[in-house]
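Here are my notes on this model, point by point. Please read them with the structure open.

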Amino acid sequence: MSIDSVIRGRVSPDGRLVTADPPLLALQAEAGGASDGAIVIPALAHLVRLAQRLGITIARPVAIASGTSDISLWVRMKPDSDGVDLSIIEWEEQPRAPDPVDPLAMGAHSQLGEDGWIWQVDASLQFRLVDGQDDAIGHALPHAGEPLTAYFRLLERDEEGGDPLPLLTAVAARRPFSRQSALLRADESIRYSLAALPTFDALGRLTGYRGKAIRQGEVGNAAAAQAEPYSPIFSRRLDNALRQPLGRIIANANTISGQLEGPLQADYASYAADIAEAGQHLVELVDDLSDLQAIERPDFRVAREEVDVADLGRRAAGLLKMRAAERNILVEPPEADEQVLATAEYRRVLQILVNLIGNAVRYSPDHSHIWVRVDQDSSVVRIIVADQGRGIDAEDHERIFERFERLTPEDTAGSGLGLYISRRLARAMGGEIGVESAKGQGARFTLSLPRWQGR
C-alpha cells in the first residue's frame with residue numbers, strides 16, 4: 001500500500017503531538033502513544049529531538065516496522081521556536097513475510113531435495129562456498145567473494161507467475177525462499193531455480209543463506225526478457241549489481257592515489273586517481289538511470305509541501321563549495337536572512353539545484369564566480385543559477401534538456417541526463433526550468449515553482 005499525499009504533524013517543544021494526520025495518529029497509537037501525548041515512534045522521535053537540538057531542517061528516509069507490515073517513509077522535520085513541523089511523503093507499506101511454519105519454508109525444504117549444486121552466501125549475498133564441478137554442470141561455478149547478483153540475473157517472476165523476486169523478499173524478512181528464477185549472466189540461455197534456508201549466529205543475527213541451484217534447461221530470448229528492466233524494482237537491482245563493487249573500486253583507488261599504504265611512482269598514483277574518477281562517474285550514472293526509471297513511470301508523483309527555496313539554494317551551494325574551491329571558483333548563495341516559499345517537494349528541489357550548480361561549476365573557468373539568487377511575484381518563485389562559463393548557443397537552449405544530449409562530442413562529463421531529469425521533476429511540481437545564454441557570455445538557469453499559498 002502507498003499513500004501519495006503529504007502526511008503532516010506538529011510536535012511541541014516538549015516532544016508532544018499537537019496535530020497529526022490520521023496515518024500518523026494510527027502509527028502513534030500502534031506504538032502505544034496517545035494522540036496528544038509524547039511522540040513514541042522511535043525513529044520519528046529521534047529525528048524530532050535532532051532537529052530541535054541542531055536547529056535545522058532534517059530530511060531523510062526512515063524505515064518502521066508496523067504490525068505485519070514494514071513501512072518506508074521520507075520524513076522532513078522543520079524546527080522553529082514553537083516546536084517542529086513534521087512532513088511525511090512516499091509512505092510505502094510492504095507485508096512482512098509470514099512465520100516459518102507457512103508454505104514458504106516447506107517449499108524451500110522440498111526444492112532443496114532436488115538435484116543441483118550447493119552454494120552458500122554471507123549476509124551481503126557474496127558467495128562463500130560452492131560444492132560442485134565445472135565439468136559436471138557445463139559452465140564455470142562462482143568463486144568466493146563474487147556477488148550472487150553478479151553471477152545470476154534474478155528474474156522477477158517464474159513461468160507460473162509466482163511471487164515477485166522471492167530471494168529479495170526473503171532476505172528482507174530473514175526467511176527461507178524457493179523457486180527464485182535466475183539466468184546465468186555468462187550465458188543467459190541457461191536458466192536456474194534457486195532455493196535456500198537462512199543461517200544465523202548464536203545471537204540470532206542473519207549470517208547468510210545456504211541453498212541449491214537447480215538447472216532448469218535452456219531458454220530463449222523471450223524468457224530472458226523477464227528481467228523487466230523498466231519494472232519498479234529495476235533501480236534496486238541496479239544498485240545491488242553496481243553500487244557496491246563501484247564503491248570498493250573508488251575506495252581502493254583513492255587509497256592508492258593518496259599513497260596511504262606507502263609511496264608510489266607518480267604515474268601509478270595518477271592512474272589510480274583516474275580510476276577513482278571514472279568509478280565516481282559510473283556511480284553518478286547509476287543514480288541518473290535510477291531517477292530516469294522513476295520519473296518515467298506512469299504512477300510517478302511528487303509531494304506538495306512548503307519549501308524555502310532560498311534555504312535549499314544555500315544548502316546546495318554548500319554541498320558543492322569544496323568542489324568549486326578546488327578550482328578557485330566562488331559560489332555565492334542567497335543571503336542568510338532570505339526566505340522564499342514555494343509549493344514543491346523538498347528533496348526534489350535540492351536535487352535540481354545540486355545539478356544546476358554542479359553543471360555551473362563543471363563548465364565555469366577557474367577563478368570565476370557563480371551566483372545563486374531568488375526572487376518571487378504573486379504566484380511564482382524563482383531561483384537563478386548564473387555562471388561565467390563558455391555559454392550556450394540559442395539554437396541549443398532546448399536541445400540540452402533532452403536525454404543523453406551534450407553540447408559537443410568532446411563533452412564527456414556527466415551522463416547527459418541531469419538537465420532532462422531536472423526539467424521533468426520541475427514540471428511534475430508545476431514548475432519549469434529555462435536557460436538564458438549566448439556563446440561566450442555565461443549561462444543563467446532559472447527554476448520556477450508555484451508560490452506557497454498556505455494550507
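1. L125 sits in the loop between β7 and β8. Helices (H or I, at least four residues) and strands (E, at least two) are DSSP runs, numbered from the N terminus. The model is predicted: local features need pLDDT of at least 70, side-chain atom pairs count only at pLDDT 80 or more, and totals for chains, interfaces and linings use all residues. Residues are numbered from 1 along each chain as its sequence is written, and side-chain values use heavy atoms, with hydrogens and water left out.

2. What is the sign of phi at L125? It is positive, near 65 degrees, and L125 is not a glycine. Most residues other than glycine have a negative phi. The hairpin of β7 and β8 has four residues between its strands. L125 is buried, at 14% relative accessible area (buried means under 20%, exposed over 50%, partly exposed in between, with a 1.4 Å probe and protein chains only).

3. The strands on either side of this loop pair antiparallel: β7 and β8 (residues 127–131) share four bridges. Two strands pair if DSSP finds at least two bridges between them. Q120 faces L129 of β8.

4. H367 also has a positive phi, near 60 degrees, and is not a glycine. Its loop runs between α12 (346–363) and β16 (369–376). Is H367 buried or exposed? It counts as exposed, at 59% relative accessibility.

5. D366 lies in the loop between α12 and β16 as well. It forms a salt bridge with R327, with the closest N and O atoms 2.8 Å apart (the criterion is a side-chain nitrogen of Lys or Arg within 4 Å of a carboxyl oxygen of Asp or Glu). R327 is in the loop between α11 (321–325) and β14 (330–332), so the bridge ties together parts that are 39 residues apart in sequence. D366 is partly exposed at 44%. R327 is partly exposed at 26%. The structure holds 18 salt bridges.

6. The aromatic pairs deserve a look. There are nine of them. Rings of Phe, Tyr and Trp (its six-membered ring) pair if their centres lie within 6.5 Å; planes under 30 degrees apart count as stacked, over 60 as edge-to-face and the rest as tilted. W117 and Y192 are edge-to-face, 5.9 Å centre to centre, with 80 degrees between the planes. W117 belongs to β7 (residues 117–122) and Y192 to β11 (residues 187–200), so the pair ties together parts 75 residues apart in sequence. Both W117 and Y192 are buried. They belong to one aromatic cluster, with W119, F127, Y151 and F152.

7. F401 and F445 form another pair. Their ring centres are 6.3 Å apart and their planes are at 65 degrees, so this pair is edge-to-face. F401 is in the loop between β17 (380–387) and α13 (418–428), while F445 is in β19 (residues 443–450), 44 residues apart. F401 and F445 are both buried.

8. R423 needs checking twice. It lies over the face of F401, 3.8 Å from the ring centre (a charge sits over a ring if NZ of Lys or CZ of Arg is within 6 Å of the ring centre and within 35 degrees of the ring normal). R423 also forms a salt bridge with E398, the closest N and O atoms being 2.8 Å apart. E398 is in the loop between β17 and α13, and R423 is in α13, 25 residues apart. R423 is buried, at 9% relative accessibility. A network of salt bridges links E398, R423, R427 and E432. Elsewhere, the charged end of R347 sits over the ring of W74, 4.4 Å from its centre.

9. Now the sheet. Five strands form an open sheet in the order β14-β16-β17-β19-β18, with mixed pairing. β14 and β18 (432–437) are the edge strands, each pairing on one side only. β18 and β19 run antiparallel, joined by six bridges. S437 has A443 of β19 as its bridge partner.

10. One last salt bridge joins the side chains of E436 and R444, at 3.4 Å from N to O. R444 is partly exposed, with a relative accessible area of 37%.
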